[in-house]
Amino acid sequence: MDERYALQVPWENILDLEKGYFPDGWLIREALIKDKTFDEAVNRLSNTDIIAPIYYIVAGTDNSGSGAIITRNQTSVNGPIINGVEYTKPLFLNQTGFIGNHEWYIVETNYDYWVPAKDDRREHAIKMMDKMGQDNVNFDNLFTVLSTPPVLASGTVFTSLYRPSLEGYYNITVRYDTT
């Protein structure tokens, strides 16, 4: 889960909650409890009304390399305009033609993947991931990428790493090293 910046008045979230929309984090909990497959989780996170815009970053559990970024507003998935029509599906790993998506990883840095970022975190993350290479992916190396400025943004609250294919294999670090 990653914050998506949007022009919205905060009390609108309360009104959406009263409409029956899910709080973003609770929807993740629902997916973790109820969904048995990657596709089921992506479907739930893509199609359930939520109270605030967000990026859901999803990985599969079966070592198949499944991954997706779901760019959400309160009622739908958002994406680029292609031939005059908004692309309203998640960005899946190995899906070609989109900024931030590469053969073995996807980068998300609080900006919609189809527009130029307003900072250089995405660019630096891509360079660091390419330099690390797929054969060297592990928690320590990923944590290094996520902890190196400018990828580590000021105001970052916590950094989470999970390996869904190994139940209970995760690291959550509360960040006291950002301002």
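A residue counts as buried here when its relative accessible area is under 20%. By that cut-off asparagine 110, with a relative accessible area of 10%, is buried. The structure discussed below is a predicted model, and asparagine 110 turns up again further on, as a contact of arginine 121.

First, the overall picture. The protein is built from five helices and eight strands. Read from the N terminus, the order of elements is β-α-α-α-β-β-β-β-β-α-α-β-β. For 179 residues, a compact globule would be expected to have a radius of gyration near 16 Å, and the protein agrees with that, at 16 Å. Along the principal axes, the C-alpha atoms fill a box of roughly 45 × 40 × 35 Å. Some 39% of the 179 residues count as buried. Of the contacts between residues at least 6 apart in sequence, 46% join residues at least 24 apart.

As for the surface, the accessible area of the protein comes to about 11,100 Å², and carbon and sulfur atoms account for 54% of it. The charge tally is 15 positive and 24 negative side chains, and the centres of these two sets sit 1 Å apart. Five salt bridges are found in the structure, and three of them are taken up in what follows, beginning with the one made by arginine 121.

Arginine 121 lies in helix H4, which covers residues 121–132. Is this arginine buried or exposed? Its relative accessibility is 8%, so arginine 121 counts as buried. Its salt-bridge partner is aspartate 119, with the closest N and O atoms 2.8 Å apart. Aspartate 119 has a relative accessible area of 29% and is therefore partly exposed, whereas arginine 121 is buried. Which residues does arginine 121 touch, once neighbours within four places in sequence are set aside? The contacts are Thr109, Asn110, Tyr111, Pro150, Val151 and Ala153. Two of these, Asn110 and Pro150, have backbone features of their own, described below.

Helix H4 also holds a salt bridge between the side chains of glutamate 123 and lysine 127, at 3.2 Å from N to O. The two residues are four apart in helix H4, so about one helical turn separates them. Glutamate 123 is partly exposed, its relative accessible area being 44%.

Another salt bridge pairs aspartate 177 with arginine 175, and here the closest N and O atoms are 2.7 Å apart. Arginine 175 has a relative accessibility of 8%, so it counts as buried. How far is arginine 175 from glycine 155 in space? The C-alpha atoms of these two residues are 8.6 Å apart, with their positions 20 residues apart in sequence. Glycine 155 sits in the loop between H5 and S7 and is partly exposed, with a relative accessible area of 46%.

The loop that holds glycine 155 also holds proline 150, between helix H5 (139–146) and strand S7 (158–162). Now to the backbone itself. Most residues other than glycine have a negative phi, and most peptide bonds are trans. Against that background, a cis peptide bond joins proline 149 and proline 150, with omega at about 10 degrees. Proline 150 is also one of the contacts of arginine 121.

Two asparagines have a positive phi even though neither is a glycine: about 70 degrees for asparagine 110 and about 55 degrees for asparagine 83. Asparagine 110 belongs to the loop between strand S6 (91–92) and H4. Asparagine 83 is placed in the loop between S4 and strand S5 (85–86). On burial the pair part ways: asparagine 110 is buried at 10%, while asparagine 83, with a relative accessible area of 80%, is exposed.

One more asparagine is worth a look. Where does asparagine 73 lie? Its place is in the loop between strand S3 (67–72) and strand S4 (81–82). With a relative accessibility of 21%, asparagine 73 counts as partly exposed. Asparagine 73 is 69 residues from leucine 142 in sequence, and the two are 28 Å apart in space, C-alpha to C-alpha.

Definitions and conventions. Residues numbered from 1 in each chain as written. Heavy atoms only, no water. Buried < 20%, exposed > 50% of the residue type's maximum accessible area, 1.4 Å probe, protein only. Contact = heavy atoms within 4.5 Å. Rg over C-alpha atoms; globule rule 2.2 N^0.38 Å. Areas by Shrake-Rupley, 256 points an atom, 1.4 Å probe, with all protein chains shown as cover. Lys, Arg positive; Asp, Glu negative; His and termini not counted. Charge placed at Lys NZ, Arg CZ, Asp CG, Glu CD. Salt bridge = Lys/Arg side-chain N within 4 Å of Asp/Glu carboxyl O.
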